[in-house]
Amino acid sequence: MNNNDLKILAERLIDTFKEAGSESIKIEQQGVKVNTKEDGSPVTNGDLRVNEIITKKIIQLTPNIPIISEETVDLKKKNTLNTYWLIDPIDGTKEYIAGKDEYTLNAGLIINNLPAIGVIGVPKKNRIFYSFGKNNSLLLENNQISKLNCKKKTPTGEVIALTNHTNPPKIILDKLKEFGVTSFRKLSSSYKYCVIANGEYDLYVDKVRANEWDDAAGHAIAESAGAIVTSLENKSFKYGNEDYKNPTILIRRSNNLNA
């Protein structure tokens, strides 16, 4: 696929993400129904409905590309794919259940083990982020489209970070110190990739090994905007792992977080 093919695919998902986002809010207003999965994590009727809407559209757009979704994946089977869609219908399910506004809807296209398209909807903030190749990372907000370039929007002289913890362990605190972080807050959903791509935060650090569907869409969006996405050890990584597990995550707005 060339960049124009990727652009068409990403743009054709936008209305679907608007619909799925509206549906997630409607379900929340009517009352979220929660079940527990085998791994002990929660799944809601919102997750399942969003998954249905997004999956149906992707099948129409690319019938020959396999889809791996958090809600339907068989973790007993080893992943042998190198080109496939990754869907996380609602990332931040606990936030969603609690009625908060930073949960996200996610679809990422992996081509030859690398993220090529990312689409993330943030329904309660009325934002849709999407990307389709290098230097093509965009934000749709208030019917306006703006290009994302990781330009610093945090105050001069400050480095503001995100983590997956309210009280980070030592390994994370050490990393925050290494990058001269002046303040941080917890943000667990893939929205972290988006706000770094938009320059609203400078850094994200996490020692937890997330699943590929947690990272794919955000990885594409942030990297296309110019951010640097690696493991904590500063190593780049690919998708297509047999167990769908990614390494630890470090997202930097740029090499120089002060500029």
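Let me begin with one residue: leaving aside its neighbours within four places in sequence, Gly21 is in contact with Leu105 and Pro123, where contact means heavy atoms within 4.5 Å. Before going further, I should say that this is a predicted model, in which local features need pLDDT of at least 70 and side-chain atom pairs count only at pLDDT 80 or more, while totals for chains, interfaces and linings use all residues. Residues are numbered from 1 along each chain as its sequence is written, and side-chain values use heavy atoms, with hydrogens and water left out.

Gly21 lies in helix α2, and here helices (H or I, at least four residues) and strands (E, at least two) are DSSP runs, numbered from the N terminus. Is Gly21 buried or exposed? With a relative accessibility of 5%, Gly21 counts as buried, on a scale where buried means under 20% relative accessible area, exposed means over 50%, and partly exposed lies in between, using a 1.4 Å probe and protein chains only. Between Gly21 and Ser69 there are 17 Å in space, C-alpha to C-alpha, and the two are 48 residues apart in sequence.

Let me stay with that helix and turn to its packing. Two packed helices are described by the angle between their axes and the distance between the axes. Helix α2, residues 14-30, packs against helix α3, residues 45-61, at an angle of about 165 degrees, with their axes 9 Å apart; the axes are lines fitted to C-alpha atoms, for helices over the stretch in contact, and angles run from 0 to 180 degrees between N-to-C directions. That angle makes α2 roughly antiparallel to α3, given that angles under 35 degrees count as roughly parallel, over 145 as roughly antiparallel, 65 to 115 as roughly perpendicular and the rest as oblique. On the α2 side the contact is made by Thr16, Phe17, Glu19, Ala20, Glu23, Ser24 and Ile27, and on the α3 side by Asn45, Gly46, Arg49, Val50, Ile53, Ile54 and Lys57. By class, this contact has six nonpolar, four polar and four charged residues, where Ala, Val, Leu, Ile, Met, Phe, Trp, Tyr, Cys and Pro count as nonpolar, Asp, Glu, Lys and Arg as charged, and the others, Gly among them, as polar.

Now to the sheets. Strands of a sheet pair through backbone hydrogen bonds, either parallel or antiparallel. One open sheet has seven strands in the order β3-β4-β5-β6-β7-β8-β9, with mixed pairing, and two strands are said to pair if DSSP finds at least two bridges between them. At the edges stand β3 (67-69) and β9, each with a single partner strand, so one side of each is left without a neighbour in the sheet. From one strand to the next, the twist averages 15 degrees. Helix α1, residues 3-12, packs on this sheet, touching β4, β5, β6 and β7, and its direction makes about 20 degrees with that of β6. Helix α3 also packs on the sheet, where it touches β3, β4 and β5, its direction making about 155 degrees with that of β4.

Within this sheet, how many residues of strand β5 are buried? Seven of the eight residues of β5 (residues 104-111) are buried, so the strand is largely enclosed by the rest of the structure. β5 pairs in the antiparallel sense with strand β4 (residues 84-91) over six bridges, and Ile87 stands opposite Ala107 in β5. With strand β6 (residues 114-122), β5 pairs in the antiparallel sense over seven bridges. The hairpin formed by β5 and β6 has two residues between the strands, and Asn112 in the turn has a positive phi of about 50 degrees.

Asn142, in the loop between β8 (137-141) and β9 (144-147), has a phi near 55 degrees, a positive value in a residue other than glycine. At 57% relative accessibility, Asn142 counts as exposed.

Finally, there is an open sheet of five strands, ordered β11-β10-β12-β14-β13, again with mixed pairing. Its edges are β11 (183-186) and β13 (228-230), each having a single partner strand, so one side of each is left without a neighbour in the sheet. Here the twist averages 20 degrees from one strand to the next. Strands β12 (residues 203-206) and β14 (residues 249-252) run antiparallel and are joined by four bridges, and the bridge partner of Val205 in β14 is Leu250. Helix α5, residues 170-178, packs on the sheet and touches β10 (160-163), β11 and β12, its direction making about 155 degrees with that of β12.
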